[in-house]
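Work through the following exercises with the model open beside the text. Each task is followed by a solution that goes step by step.

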Amino acid sequence: MGYRFTDLTDACHDDWRAYIEHGFVRRLGSGTLDEGAFRHYLQQDYLFLIHFARAYALAAYKSRTLSDLRQAHEGLKAILDVELELHVGYCREWGITEAELAALPEARATLAYTRYVLDTGNRGDLLDLHVALAPCLVGYGEIANWLNAQPDTVRGDANPYDAWIAMYASDDFQVAMRAELEWLDARLADVTPARFAELAEVFRDATRLEIDFWQMGLDHSL
Ligand SMILES: Cc1ncc(CN)c(N)n1
């Protein structure tokens with residue numbers, strides 16, 4: 001029987017739940033997250049997304065077929081056309097320009113996660129790279145859906161972070177997430193148990209780096 005994306009999350013169940021249901025996420029949903037923590041996170045996330053856009057460009061470079069190229073393009077578009085708009089918009093409201101954002105020092109959590117994914121993509125194949133990228137694209141789509149299903153989540157003007165939840169729950173982002181899930185399910189169906197074990201390790205490592213990224217936001221750490 002072939003593997004599927006859910007086999008990756010099952011293989012690191014506790015880490016995956018710790019990422020999806022992290023304290024940062026819960027507070028963001030209830031609107032009780034410290035504004036300084038959100039600002040720190042969002043500014044670092046701007047730097048993060050620049051490197052993840054590069055990783056999707058690497059996926060395009062490693063693609064052998066038009067359909068793989070289109071999939072890499074989907075991920076790149078989700079970052080450039082959907083996510084970064086939100087980041088730049090929030091920062092504009094705080095009086096921070098794009099030039100100031102680009103000049104910020106990178107936190108260690110940002111450095112560790114982005115370079116891990118780029119290194120995994122460089123030394124591995126296209127599937128390694130997509131698996132390393134999956135906690136990002138698939139994870140944030142799942143987080144938005146999880147938040148919307150929680151009774152403590154506050155939507156609308158009463159939550160200063162509503163625009164964040166709305167963007168990740170939007171059709172634009174959810175369509176990109178589902179396309180990635182389909183791509184991964186199709187590729188994982190053909191891998192051997194030994195290859196799956198390698199990919200599960202990559203996925204677990206990237207998921208743990210996501211947890212560190214939330215924690216960096218809560219701790220305001222650099
Ligand atoms: C750290 C992180 N992980 C995932 C995403 C969703 N692309 C993000 N914006 N930032």
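The exercises below concern a predicted model and go from the whole chain to a helix pair and then to the ligand.

**Exercise 1.** Describe the secondary structure of the chain and judge its radius of gyration against that of a compact globule.

Solution. Begin with the element count, which comes to 11 helices and 0 strands, so that the order from the N terminus reads α-α-α-α-α-α-α-α-α-α-α. Next, take the extent of the C-alpha trace, which spans about 50 × 40 × 30 Å along its principal axes. Finally, a compact globule of 222 residues would have a radius of gyration near 17 Å, and the chain, with 17 Å, agrees.

**Exercise 2.** Determine how helix α5 is oriented relative to helix α10, and state which residues meet.

Solution. The axes of α5 (residues 66-93) and α10 (residues 171-188) come within 10 Å and cross at roughly 155 degrees. Because angles over 145 degrees count as roughly antiparallel, α5 is roughly antiparallel to α10; the crossing of the two helices is left-handed. On the α5 side, Gln71, Glu74, Gly75, Ala78 and Val82 take part, meeting Asp172, Phe173, Ala176, Ala179, Glu180 and Trp183 of α10. Sorted by class, this contact has 6 nonpolar, 2 polar and 3 charged residues.

**Exercise 3.** Identify the residues around the ligand, their classes, and the helices that each supply at least two of them.

Solution. First list the shell, which consists of Asp45, Phe48, Leu49, Glu83, Cys136, Leu137, Tyr140, Glu210 and Phe213. Then assign classes, which gives 6 nonpolar, no polar and 3 charged residues. Lastly, turn to the helices: α4 (35-62), α8 (126-149) and α11 (193-219) each supply at least two residues of this shell.

Methods
Residues are numbered from 1 along each chain as its sequence is written. This is a predicted model: local features need pLDDT of at least 70, side-chain atom pairs count only at pLDDT 80 or more; totals for chains, interfaces and linings use all residues. A residue is near a molecule or strand if its C-beta atom, placed from the backbone, lies within 6 Å of it. Helices (H or I, at least four residues) and strands (E, at least two) are DSSP runs, numbered from the N terminus. Ala, Val, Leu, Ile, Met, Phe, Trp, Tyr, Cys and Pro count as nonpolar, Asp, Glu, Lys and Arg as charged, and the others, Gly among them, as polar. Axes are lines fitted to C-alpha atoms, for helices over the stretch in contact, and angles run from 0 to 180 degrees between N-to-C directions. Angles under 35 degrees count as roughly parallel, over 145 as roughly antiparallel, 65 to 115 as roughly perpendicular and the rest as oblique. A crossing is left-handed if the near helix is turned anticlockwise from the far one by less than a right angle, and right-handed if clockwise. Two residues are in contact if their C-beta atoms, placed from the backbone, lie within 7 Å. The radius of gyration is taken over C-alpha atoms; the globule rule is 2.2 Å times the number of residues to the power 0.38.
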